[in-house]
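Dear colleague,

I am handing over the structure below, together with some notes on what came out of it. Please read the notes with the coordinates open beside them.

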Amino acid sequence: MADRVERLTNLVALLLETREPLSLRQIAAELEGMYPEGESARRGAFERDKALLRDIGVPIETEIVQGGSDPGQTRYWIDRKRYELESFDLDDEERRALQVAVAAIRQRSVIAQQALWKLGAEAVASAAPTTVVIPFSTVVADLREAIERRAVVTFGYGGATRRVEPFGLLLRNGFWYVVGHDLDRQDRRTFRIDRVEGAVEIGEAGAFERQPVVRTELFPTDPKLIADADEVMRTALVRISPPRATLVERQVGADRVRRREPDGSIVVAVDYRNPTAMRSWVIDFGVDAEILEPEDLRRDLIDWLSGMVRGR
Amino acid sequence: MSRRRADERMSRLLVMLPWLMGREVVPIDEVARRFDLSREEVVADLELAAMCGLPPFVDELIDIFIDDDEVHIGVPRLFTRPLRLTPLETLEVLVAIRAASGLPGVEPGDPLLRVADKLSTLLDVDDAVIVDLDGPEMAVDLRSAVEAAELIELSYWSQRREALIERLVLPRRVFADRGFWYLMAVEVDPLSDTPVSGPADTATGTTAVEYFRVDRIVDLRPTGRHLDPPAGPLPEPGRWFESEELPRVTVRIDPTLRWMIDQFPVDSLTTLDDGRLDIVLAVASRQWLERLMVRLGPGAEILGPAEYAEVADRFAASILARYADDRPSDRSNGAP
């Protein structure tokens with residue numbers, strides 16, 4: 001049996017160069033001795049080869065024969081136009097700029113390194129002054145494809161199933177967000193991609209008109225403003241002790257300071273849609289923060305904390 | 001030679017062959033260097049490729065021949081063009097270009113913008129992927145200090161010390177990771193303006209650095225003094241949690257709380273029969289852990305080590321003391 005990489009290389013060459021789509025029987029005959037003899041072993045090996053090639057991005061076309069001598073049979077080929085990277089040229093300056101960009105942002109990414117090779121460049125080392133740690137996942141790539149195809153996506157989020165017309169991906173503060181039109185709430189929503197539960201289902205292409213993603217400030221990424229459920233926007237009043245008072249004032253803005261107290265504490269107005277995120281935000285300050293209003297938010301925090309102290 | 005996976009070898013081959021096809025003779029070492037392989041791996045892959053081609057494999061082989069230290073390429077006929085970019089490769093390049101384009105110093109006419117233009121047809125570059133690298137305003141000043149190698153004085157709220165601390169530092173990098181912006185800096189002795197030698201990571205040989213959350217820098221004062229950055233590579237941003245020196249804790253949580261822990265590097269995760277999860281995490285500090293536990297709430301408990309068993313209770317009680325005039329609501333009578 002041939003080395004698998006040898007067989008795969010021959011398979012790709014064959015499917016690229018063939019003038020007509022080929023059946024598995026024809027493929028096995030042409031690649032003499034490379035596929036097992038038995039029908040099911042051969043089919044199994046071929047399916048695994050096809051899966052591997054598809055995973056690395058080789059597009060294998062299939063067609064089912066309609067008439068003729070072998071109706072219902074599947075035939076395979078590779079469309080050269082879909083396989084090949086269009087040719088283009090980068091001058092030395094441009095190549096360098098691309099390499100530096102990838103080094104700054106995607107240092108040590110094997111995938112980015114592969115991409116650079118395909119584009120005629122190579123990975124370089126760099127220590128850029130500013131960078132972002134970017135979590136990548138296939139979910140991000142899947143969603144981008146859904147956006148391109150204008151397909152509705154369905155996914156689990158916060159324990160519920162959400163259906164969204166996605167129109168943009170936003171990378172901010174080291175997290176990925178998908179922004180789109182939530183079909184059940186009939187409103188624009190932001191979702192943090194690392195909080196998507198399970199796989200994303202992609203629907204039919206062309207299901208909606210694309211909305212350009214403008215004014216990204218309209219897409220909140222503050223967890224307090226990203227609601228799991230159907231929450232309305234509310235405003236809390238929170239007292240913050242010094243020295244954190246300065247930090248909070250910078251974070252929310254001086255115009256949100258409702259009162260300044262003699263000891264340096266401030267009372268700030270904080271908007272929130274997500275009570276859980278609001279509670280987390282307050283807890284982070286420990287003894288340096290106190291919720292004043294609204295009453296139910298204050299109540300909820302007291303109950304939450306009491307439950308932890310009592311219940312052990 | 002280590003065993004390499006077939007998919008990795010194929011990916012590499014499908015980009016290596018087209019690159020070779022454009023040249024007549026290439027030193028093996030150059031191929032190895034460019035494609036991040038050992039000499040042996042290059043020779044093995046190319047000798048294998050030389051046996052491949054089109055049936056009947058007599059006249060139509062991939063025309064490559066290895067001789068001593070060089071690869072000779074004959075008539076380029078097969079695999080002359082690289083495979084197109086996969087969706088993930090596309091996304092990574094796109095994000096790199098977008099993010100880098102947003103950094104200070106990129107003017108119209110910059111080569112990077114020309115690259116973005118040229119790649120726009122290839123990558124379906126469009127408005128759908130937005131990279132927002134702005135961060136807090138303070139990040140701009142910090143970035144300038146990094147580029148100028150300028151010493152700055154920081155007034156910083158230290159969570160671990162629960163107090164304001166003063167530091168003189170040489171900023172080295174500014175980065176965002178999982179929702180927060182950080183400054184990676186070398187601590188400097190104000191009496192001598194020389195780096196305080198900290199425990200450099202001897203395993204990787206990287207420079208000793210401190211990390212500061214940008215949103216906890218209360219004040220920053222440029223000094224106008226400069227320092228040559230110490231030689232040596234910087235640690236990779238985002239990996240600092242993974243130090244083996246940090247203590248570990250085992251936490252048992254309801255599965256609904258999983259997302260709150262998912263953003264932290266987890267040593268191990270075990271699913272129990274009832275669906276709950278046992279997770280082993282690095283502990284950045286007691287203060288960090290007590291906040292995490294109180295945010296997780298009653299659905300989480302610390303299994304060990306024993307020294308951490310009470311942290312959640314104590315922290316919750318300390319916050320509760322601020323609400324001493326109120327009593328927990330009586331839920332049994334249905335009152336809101």
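The notes below cover the helix contacts between the chains, one sheet and one aromatic pair.

This is a predicted model, in which local features need pLDDT of at least 70 and side-chain atom pairs count only at pLDDT 80 or more, while totals for chains, interfaces and linings use all residues. Residues are numbered from 1 along each chain as its sequence is written, chains are lettered from A and ligands numbered from 1 in the order in which they are written, and side-chain values use heavy atoms, with hydrogens and water left out.

Between the chains, helix α10 of chain A (residues 295-310) packs with helix α9 of chain B (residues 311-320) at an angle of about 140°, their axes being 8 Å apart (helices are DSSP runs of H or I of at least four residues, strands runs of E of at least two, both numbered from the N terminus; axes are lines fitted to C-alpha atoms, for helices over the stretch in contact, and angles run from 0 to 180 degrees between N-to-C directions). α10(A) and α9(B) are therefore oblique to each other (under 35 degrees counts as roughly parallel, over 145 as roughly antiparallel, 65 to 115 as roughly perpendicular and the rest as oblique). The contact (heavy atoms within 4.5 Å) involves A:I302, A:L305, A:S306, A:M308 and A:V309 on the α10(A) side, and B:A312, B:D313, B:A316, B:A317, B:I319 and B:L320 on the α9(B) side.

Helix α9 of chain A (residues 275-284) and helix α8 of chain B (residues 286-296) pack at about 150° with their axes 10 Å apart, which makes α9(A) roughly antiparallel to α8(B). Here A:S280, A:I283 and A:D284 meet B:R291, B:V294 and B:R295.

α8(B) also lies across β11, β13 and β14 of chain B, running at about 140° to β14(B). These strands belong to an open, antiparallel sheet of four strands in the order β12-β13-β11-β14 (two strands pair if DSSP finds at least two bridges between them). β12 and β14 stand at the edges with a single partner strand each, so one side of each lacks a neighbour in the sheet. β11(B) and β14(B) pair over four bridges, and B:T250 stands opposite B:G304.

Finally, of the 12 aromatic pairs over all chains (ring centres of Phe, Tyr and Trp, the last by its six-membered ring, within 6.5 Å; planes under 30 degrees apart are stacked, over 60 edge-to-face, the rest tilted), one is formed by A:F46 and A:Y76, whose ring centres are 4.8 Å apart with planes at 65°, so the pair is edge-to-face. A:F46 lies in helix α3(A) and A:Y76 in strand β3(A), 30 residues apart.

With best regards
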